[in-house]
Each structure stands twice: as structure tokens, then as C-alpha cells.
Amino acid sequence: MATRYVYDFDEPTTGGRELLGGKGIGLAEMTAMGVPVPAGFTITTDACRAALVKRDLPDGLEDEIDEHVSRLEQRAGKRFGSDDDPLLVSVRSGAAVSMPGMMDTILNLGLNDEAAAGLGVRTGNARFAFDSYRRLIQMFGEVVEGIDGHRFESALASLKDQRGVQQDTELTPEDLQELVGTFKAIYLEETGGAFPTGAREQLLRAVRAVFESWDNPRAQVYRRAHGISDELGTAVNVVQMVFGNKGARSGTGVAFTRNPSTGESGLYGEFLADAQGEDVVAGIRTPQPIETMRESLPKAFDQLLDTMRRLEEHYRDMQDIEFTVEDERLYLLQTRSAKRTAAAALKAAVSMVDEGLISREDAVARIDPAQLDQLLHPMIDPSAALDVAAKGLNASPGAASGGIVFTAESAVDRAKSGPVILVSWETSPDDIQGMIAAQGILTVHGGMTSHAAVVARGMGKPCVAGCDDLTLGDGKATIGGHSLREGDVITIDGGTGRVFIGEVPLVPPQINEDFETILTWADQQRRLAVRANADNPEDAVRAREFGAQGIGLCRTEHMFFGDRLPVVQEMILADSESGRRAALDRLLPFQQSDFEGIFEAMAGLPVTIRLLDPPLHEFLPDESEATDEKLRARIRALRESNPMLGTRGCRLGLMFPEIYEMQVRAIARAARAVRERTGGAPLVEVMHPLVGFREELARLRDLTESVWAEEAPEIAHLVGTMIEVPRAALRADEIAEVADFFSFGTNDLTQTTLAFSRDDAEGKFLTRYLEDGVLERNPFESIDIDGVGDLMRIGVERGRATKADIKLGICGEHGGDPRSIAFCHSLGLDYVSCSPFRVPLARLAAAQAALAESGAGAYAAAGG
Ligand code: PEP
Ligand code: MG
């Protein structure tokens, strides 16, 4: 049987969101729930994929569309293409994953000169008929023919000028009819052909254009920025038109079931009377708070409240809806799970548990760990007295400082040399690249649901929208009386809507109560322990505050810089072992006191200390900066062609055992001192880097044990190794004979497995690989599960075959990446270790991995 491509909203399918797209599945589910939704049908993502391959509509699709249009005509009692009472439809794209404003919509298909006149007569509202018609020509021209929207906008603006009116709604029917003529002339001039009058032709060309829009540059950029696969394709929804532009008893709006910025309960949204679809989202006219509907359209308002409550109960999640009121009748056009800030996600989840809507597992499962990053960045000191230059809407929280830029192109350009804030009237999907490049966004127009606000929240970037105290023009911005040019620095606070001139000092983030609650629930679910990578007592304290259960990696080389560097250099320059030992003796007390501070901060929790790893030349200046010949000679002697593969890690420890001896001695003495001072012995794990051969670790273990026996024989400790070269993973069975623990060093393991030097890959060929889709994700950020992951699996299996209870962890940067954490859970590691600021995120991701494994906490998000 040929593939079926079209389903009415009330026809059952098994394809779900993947097949119908987010909007399509939302419309189908709302129809099934009995929510008022206009009739219509969905053309599936299968059709889109087939069309993109064939570069034309797939066989049979046109017939199917005709058949569903006839059904729609029967239901509506109107004919598509009729002159006197036409059925009009909209065509709306809708991929499986939400991509706000990234693809295209066309409204009012089915109109031409005769039909517009007929519609005017039939509805007794010629104004409405011609307004709808001119919108069709504009949207069709933009989406199908790629005509620049400004051409239509400026024709509309100049007509309003001529008539001396401010609002579109003040134009007369005759004005709008004249505008239709102007728009048709623009269309003809731009395309060389007349605007198509046939309803069927309009529809088929619109469907084609929406399919093609899947591959337009802004959609591609958006997908890349959000890690959405190019393979999904979009569905197309053909929906019977309902009209918000029929006068004061009609309108259109968007609403959230809770505040998308804070998560607080209560209706939240915006409404524009006598307007159609895109007017609200495009941020062109600043809409009214939704509460105004209570007065102006009380019946529809009550129905809206009731419907939103039902939708939230059905989806058990915060919804974001689009609706239209036509002559006081409410229609829902879309529902989807609402994009929200991290703070809102936490508050909404905790409240929904309190309200009995979802379980604690659900709450933990549905918070996006990557999004929590937003809350773990520095913020403006709430207690600081600051001069506020302007105030706008708090559209997306967080603080950002940067030089101002007025265009997306300039944002991309200037962001290369420092942070920028994009300042504009409003943003449109074409600005996506500039929004990605900017640290924050400030707009004159637009509300909480404008393009700028929605996209910024999705990206976790600060945004202040609808800032009336801001004016733009002549390459200048005036903010609360200050005149600024491109490059001048401002700070925006998207959490309060405040704008400041210049840079404002920031304070470290804090974990609020909702965050604590969710993390406590997460801790009850997870199996993986979470440790932190910390090299000093301050980081250790911070990590502990964030819930770290120990230190998984303390890199000791960081203790070799600063005022210790001259002594380190003296050690490196010494001609003999005794000379080196003399310098090392002077370093020892420094190291010991570092370790004491860390042990005290981590009292009762394990601390893994890694011995010196980098090649010695890193501690010497560049040859050109060397002051004497001896130093120059030593620098030359230490030079290596591939230092990453040279004398570093345990190789250094075997070449210069006195260095590791000093370090072990400092660790053991620190452990002893802390035990004497506090009564509790630190839980020390001594870790050797870059081991590939059993013999390397065997010798270093002997060294460690003999020094330890001299210094702190009564204090228990472990000796282990990083697994960060492929040979170590492959020979993990032998290495486990002499190791108490393994910690996967996935930074080096990735470099050595892929033969990619990180410094030579990122920003160069790896960036290209990612752009061209050779690789789906950066293997330095998220574990290359198929390659590096396979070696880890082998390391775990072989290590455990020798020593069933060998302790296993990961301390590469991947330890803070949710996807990699899920993989570590599946390998059965004991812990992940990541930077202190990522500890909360890792706690949540570890819980989600456990929940996903048990099948608990899964839920189907709505719409999209
Ligand atoms: C690693 O290689 O993963 C690791 C943690 O060590 P470093 O990043 O210090 O080389
Ligand atoms: Mg390493």
C-alpha cells in the first residue's frame, strides 16, 4: 500500500509527534479532548522528507490533499475557492521539535479579488475581507516567493502616513482595498508574475514552500544551535481559518498556564483585539495583558481559563497556547509544553508536585539539566545600589554586560573580540545568528511572548524587551537620556528588566529553595555519586555547598604556579638530583598546606589527588624571554615535537621520581596534620596520570607506598590511576592488579583515541566537521560513546574481571555533561566528577539516568 501522507485532526494515527509534528499532535489531541479547535488536517513529516528527496511533492500527495480539502468543505459548509462564501485555510509548519518562529505560516489561503469581495458581502465586513486578503498576499509573497517583507511593511506605513492615522485598524475598507492593489503590484514587480488566484494552486505552492523552509538558512542555524537533527522534517497543518481581525469582538492572543519567567501559578499572556495570528508573536504591535479580555470578552475569557486548566491537567505540564476569538467564540490553535526559564521550570515542577499534578519522579525527570546552567552563573548583586538607566520587561533572566550592537551582522562580527548586547527595535527569525553571538538582547518593542523573549528564554540568555526608555536611530541608542554608540558598554538584568550604563559588578549564584527541593528529590533517585574537580580550598568549599560528595580530581600542577614558580624553575634547572631535591624540599611545605586546606574543606569525603601531569617546559618561559644562556639551553633540551605525547604524566614521575616522592610526602604529612588537628583522617586517593602499562603503575605504587609508610603508616589511603590512554583501557585487567581505583580521564582519552589534539581541532577542522555534519556533536563536550565509550566499557569490564570491587569514576570534562553522565550510569561507574558549578546539574542528570533506566518519570510533552 502506498504511504499515507494526510490525516484529519480527528483521525487516529500511531505515528505520534514524530509523524504529525508538535503542532499537529497538539491539534489532534485537543480535538480528541473536545477543546474548541478549528477543523483541518496534517500533512506528515514523511511527506516532507519525501518531498525534500524528490524536490517535488511526492506521488499521490496532491490527490490526498484534494480529498481532505473536500472533507473540510463538507464540514464547513463552504467551498474552497468559492467567490461568495469561501472556505479559507491557513498553512502552518510544525516540526516534531519546537522551533519558534523558525519556519513559515501563511494565513487566509483561498482569497482572490472575487472571493474577497464575496467575503466582504457575506460577513457584512468589507474591511475585514480586504485586511485578510492583503495579509495573504504579503505572507504568500514572503514565504513562497521570498519577497522582502519590508516592501509590504513600508507600503502599509506610507498609506497610514498619507491617511494621517497611527493604527492599522484606523484604515477604511477602501484604503485596504487600495493596499491590496499596491501589494499585488509589488508581487508582480518582484516575481515577474501575477499573484495566483486559484485556491488550489495557492495551497499546493504554500505546502511546497513550508517543506522547503525546513532547509532555509535560519532554520538550519537554529537546529545547529539546539542540536536538532536535520533528518526530522516538518509537518504541515492545513487549518480552517478563524478570524481575530473581524472587529472589537474578535482578537488573537498567546497565553501560558504559569508565568514562564518565574513559574508562578496564574494565567499569563497577551491579547490583541481585532488582529490576526502573527501580530502578537512578531512583536510589531505591543499587545495588552490578557486580563483586559476579562472586561472586553468575558465569555471567551472564562472559556479560555477553563480550557487552559484542562490542558494543564491533561498534559500535566505548563502549556503555552495560541488562540483566536472570532465574534466572541474561542478557538485554540496550538498548545505546547511551554518554554520556560530554569527558575520557572523548577518552581512550576515543585508546585505541580504540591498540587498533586505530577510525582516527584516526574518533577526530577522533566527539568533540563543543561538549562540549570542559567542559575549557576554570576548575577547582579541584589543588594547593590545602582543607577538604573532604563526599565523594560523582564523577558528572560540573567545578567549580561557587553558593547552594544544594532544589527545581527554586527553582533556576529564584534562578538569575536568581546561580549556584545544586541539592541534593536525587535528581533525576527533572521536575527538568529546575532542572537547566538550576543550575551544578551534588549528591544524597544515586544512583550513577553515576542520573538526576542521566546528565543532568548530558549537559549538561556538574558533579555529585556519592550523597553520604552530606549530609542534608536542614526547609528545611536538613547537609553534613559544617555546617548550611546556601537561598542559602548551596557549591562542588562533580564530578571528585573533593568538596564545600566557600563559594567555592573556581579556576585556568585545561589541555589534557591525550589532548586534545593528538586536536588533533594534527585539525590533520592540517583545511583552515581557526584564529586567535583577542585584544586584549592575555596573551590572545594563551593563544591561542597553545591552537594559534591568528594573531590574526583585535584590537579596538583596548579599549585606549581604563582609565587612557587621560581622554586619550580630552580628545580627544573638543577643539574643534579641533589639540586632538584633541594628545590623540592622548599616546595614541599607549600604543597602540604594546600592539601591541608583541601582535606579540611572535604572532611569526611574522599579526595583524589593527581600527581604532576604536564610536561616540564610548561613551567619555563618562552626561549625568546629567557634571560640567560643556561635557561635557554634547558628550554631547548626540554622542547618536544608533540609534548602532549611526550614526557608527561607518570613518565615524568618515572624519570624524576624525586618530584612524585615530594608530592606523596606532602600529601601524607598533610593527612597526618589534619588528623591530628581535627581528629578525623582524610580519605586520600593518590592518582597517577597517563599510565598505559602495568609496570608503570607497579613502580609508582611502590614509590607511593614506601613514602607513605615513612610518613603516615597509620592512615588508610588508596593508590590508583587515570585511564586516559587507549592501552590502559585495553589492558585494564593487568593494571587493576596494582590499582585500587580507576578514574577515566576522558579529555586525554578522547584526544588519544580520536588522534585529535583538542587545541588543533576546536575552532579549526572540528568546527567544520560539526558545521558540515561529519560529526553530530563535539567529542570534547559529550563523550564519543561509540569510540571512546567502547574503550571505557572495555576498561570497566576488564578492570572488574581482575578486581570486582575496583572503584570507578570519571574526571574528564565530560563528567559534567548530562548525556555523558547517562552513559557513565549505564557503565555502572561509582561516580562522576565535574567542575564545582556543574555539580548540581550532574546530581540531576544522574537521577534522570536512573529514572530513565527504570522507566519512571517518562512523560509525553505536548505540542511543539
Ligand atoms: C583528562 O585527561 O581527562 C583529565 C582529567 O586530565 P587533564 O585534563 O588534566 O589532562
Ligand atoms: Mg589528562
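**Sheet, barrel and metal site in the predicted model**

Strands β20, β21 and β22 form, in that order, an open three-stranded sheet with antiparallel pairing; two strands count as paired if DSSP finds at least two bridges between them, and helices (H or I, at least four residues) and strands (E, at least two) are DSSP runs numbered from the N terminus. The edges of this sheet are β20 (470-473) and β22 (482-485), each of which pairs on one side only. From one strand to the next the twist averages 20°, where axes are lines fitted to C-alpha atoms, for helices over the stretch in contact, and angles run from 0 to 180 degrees between N-to-C directions. Four bridges in the antiparallel sense connect β21 (residues 476-479) with β22, and Ala477 has Leu484 of β22 as its bridge partner.

The model is predicted, local features require pLDDT of at least 70, side-chain atom pairs count only at pLDDT 80 or more, and totals for chains, interfaces and linings use all residues. Residues are numbered from 1 along each chain as its sequence is written, chains are lettered from A and ligands numbered from 1 in the order in which they are written, and side-chain values use heavy atoms, with hydrogens and water left out.

A second assembly of strands is a closed barrel of eight, running β26-β27-β28-β29-β30-β31-β32-β33 with parallel pairing. Its twist averages 25° from one strand to the next. Strand β26 (residues 529-533) is joined to strand β33 (residues 831-834) by four bridges, and the two run parallel; Ala532 is matched there with Cys834 of β33. Five of the five residues of β28 (residues 606-610) are buried, so this strand is largely enclosed by the rest of the structure; buried denotes under 20% relative accessible area, exposed over 50%, and partly exposed the range in between (1.4 Å probe, protein chains only). Pro606, Thr608 and Arg610 point one way from β28, whereas Val607 and Ile609 point the other way. Three bridges in the parallel sense link β27 (residues 551-555) to β28, with Cys554 opposite Ile609. Strand β29 (residues 683-688) is joined to β28 by five bridges and also runs parallel; in this pairing Val607 has Val684 of β29 as its partner. Helix α26 (residues 694-711) lies across β29 and β30, at about 155° to β30; contact here means heavy atoms within 4.5 Å.

The magnesium ion (ligand 2) has Glu724 (OE) and Asp748 (OD) as its protein donors, at 2.0 to 2.1 Å. Donors are N, O and S atoms within 2.8 Å of the metal (3.2 Å for Na, K and Ca), and water is not among the atoms, so sites may look incomplete. Glu724 belongs to the loop between β30 (717-723) and α27 (726-730) and Asp748 to helix α29 (residues 746-754), so the pair ties together parts that are 24 residues apart in sequence. Glu724 and Asp748 are both buried.

Helix α19 (residues 513-525) has 13 residues, which at 1.5 Å a residue should span 18 Å, in agreement with the 19 Å between its end C-alpha atoms; the expected span is 1.5 Å times one less than the number of residues. Its buried residues are Asp514, Phe515, Ile518, Leu519, Trp521 and Ala522. Viewed down the axis of α19, these fall within an arc of 160° and so line one face of the helix, the arc being that of the directions from the helix axis to the C-beta atoms. Glu513 and Gln524, on the other side of α19, are exposed. The cover over the buried residues of α19 includes α13 (342-354), α14 (360-365), α15 (369-372) and α33 (839-854). In helix α23 (residues 629-638), the residues Leu631, Ile635 and Leu638 are buried. They cover an arc of only 70° around the axis, which puts them on the same side of α23, and the buried residues of α23 pack against α21 (565-573).

Most residues other than glycine have a negative phi. Arg55, in the loop between α2 (45-54) and α3 (61-76), has a positive phi of about 60° although it is not a glycine; Arg55 is exposed, with a relative accessible area of 74%. Asn108, in strand β6 (residues 105-109), likewise has a positive phi, of about 70°, but Asn108 is buried, with a relative accessible area of 0%.
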